Amino acid sequence: MLGITLDMFGDTGGIHATACLILAFIRPSIFKFSFGLSYEYQTIKIAEKISSERISFIVISVFIHHFLIYMLELLRFGLILDIFIRTLLNTIFTTIVCILTIYLIKPSRR
């Protein structure tokens, strides 16, 4: 729904919806890679204490999402260096914003 909403108001032709949909399909594989094989038996909450597993999950997800957006936007393999530079810079910025948001909106423990 977020991708479709961004596409409607941004007039981007479905790029965000496609990137979100592909990320949703490969999300279980990212969970297995980041948290190991036992991720199915535990409840994973991203808002809890930040660990290396959670950071790797966020970085991989954000990188794939941004790479898909820029790849679909530019649609040329001749611009692959530009795609990787944009993806890398936006991944760094978005990851920092995500981690700061998790720390700021942490539920209080009672």
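# Four helices and how they pack

Me: Where is I50 found?
Reply: The structure discussed here is a predicted model, and the pattern of its chain, read along the sequence, is α-α-α-α. Within that pattern, I50 is found in the loop between α2 and α3.

Me: Is I50 buried or exposed?
Reply: Among the residues that I50 touches, leaving out those up to four places away in sequence, are I55, I102 and Y103. Its relative accessibility is 15%, and since buried means under 20% relative accessible area, I50 counts as buried.

Me: How many Å apart in space are I50 and I102, C-alpha to C-alpha?
Reply: I50 touches I102, although the two residues are 52 residues apart in sequence. I102 is one of the buried residues of α4, while I50 lies in the loop between α2 and α3. From C-alpha to C-alpha, the separation of I50 and I102 in space is 8.5 Å.

Me: How many helices and how many strands are there in the chain?
Reply: Of the 110 residues in the chain, 28% are buried, and among contacts between residues at least 6 apart in sequence, 49% join residues at least 24 apart. As for secondary structure, the chain has four helices and zero strands.

Me: How is α1 oriented to α2, parallel or antiparallel?
Reply: Helix α1 covers residues 2-10 and helix α2 covers residues 15-35, and their axes come within 7 Å and cross at roughly 165 degrees. Because angles over 145 degrees count as roughly antiparallel, the orientation of α1 to α2 is roughly antiparallel.

Me: By class, how do the residues of the contact of α1 with α2 divide?
Reply: The crossing in which α1 passes α2 is right-handed. On the α1 side the contact is made by G3, I4, L6 and D7, and these meet I15, H16, A17 and C20 in α2. By class, the residues of this contact divide into five nonpolar, two polar and one charged.

Me: What does the crossing angle make of α2 and α3, roughly parallel or roughly antiparallel?
Reply: The axes of α2 and α3 come within 9 Å of each other and cross at roughly 150 degrees. That angle makes α2, relative to α3, roughly antiparallel.

Me: By class, which residues does the contact of α2 with α3 have?
Reply: Helix α2 passes α3 in a right-handed crossing. Sorted by class, the contact of α2 with α3 has 16 nonpolar, six polar and four charged residues.

Me: Which residues does S61 touch, not counting those up to four places away in sequence?
Reply: S61 is found in helix α3, which covers residues 52-74, and at 12% relative accessibility this serine counts as buried. What covers the buried residues of α3 includes α2 and α4. Not counting residues up to four places away in sequence, S61 touches L23 and I30.

Me: How many Å does α3 reach from its first C-alpha to its last?
Reply: Helix α3 has 23 residues, and at 1.5 Å a residue the expected span is 33 Å. Close to that expectation, the reach of α3 from its first C-alpha to its last is 32 Å.

Me: Which phi does L75 take just after α3?
Reply: Helix α3 has residues 52-74, and L75 comes just after α3. There L75 takes a positive phi of about 55 degrees.

Me: Which residues in α4 are buried?
Reply: The buried residues of α4 pack against α3. An α-helix has 3.6 residues a turn, so residues three or four places apart point the same way. The buried residues in α4 are I83, T87, T91, T95, I99 and I102.

Me: With which residues is T87 in contact, leaving aside its neighbours within four places in sequence?
Reply: T87 has its place in helix α4, residues 80-104, and it is buried with a relative accessible area of 0%. Leaving aside neighbours within four places in sequence, T87 is in contact with F63, H66, F67 and Y70.

Me: What is α3 to α4, given how their axes cross?
Reply: The axes of α3 and α4 come within 8 Å and cross at roughly 140 degrees, and α3 passes α4 in a right-handed crossing. The residues of this contact divide into 15 nonpolar, six polar and three charged. The crossing angle of roughly 140 degrees makes the relation of α3 to α4 oblique.

How values were computed. Residues are numbered from 1 along each chain as its sequence is written. This is a predicted model: local features need pLDDT of at least 70, side-chain atom pairs count only at pLDDT 80 or more; totals for chains, interfaces and linings use all residues. Side-chain values use heavy atoms; hydrogens and water are left out. Axes are lines fitted to C-alpha atoms, for helices over the stretch in contact, and angles run from 0 to 180 degrees between N-to-C directions. Helices (H or I, at least four residues) and strands (E, at least two) are DSSP runs, numbered from the N terminus. Angles under 35 degrees count as roughly parallel, over 145 as roughly antiparallel, 65 to 115 as roughly perpendicular and the rest as oblique. A crossing is left-handed if the near helix is turned anticlockwise from the far one by less than a right angle, and right-handed if clockwise. Contact means heavy atoms within 4.5 Å. Ala, Val, Leu, Ile, Met, Phe, Trp, Tyr, Cys and Pro count as nonpolar, Asp, Glu, Lys and Arg as charged, and the others, Gly among them, as polar. Buried means under 20% relative accessible area, exposed over 50%, partly exposed in between (1.4 Å probe, protein chains only). The expected span of a helix is 1.5 Å times one less than its number of residues.
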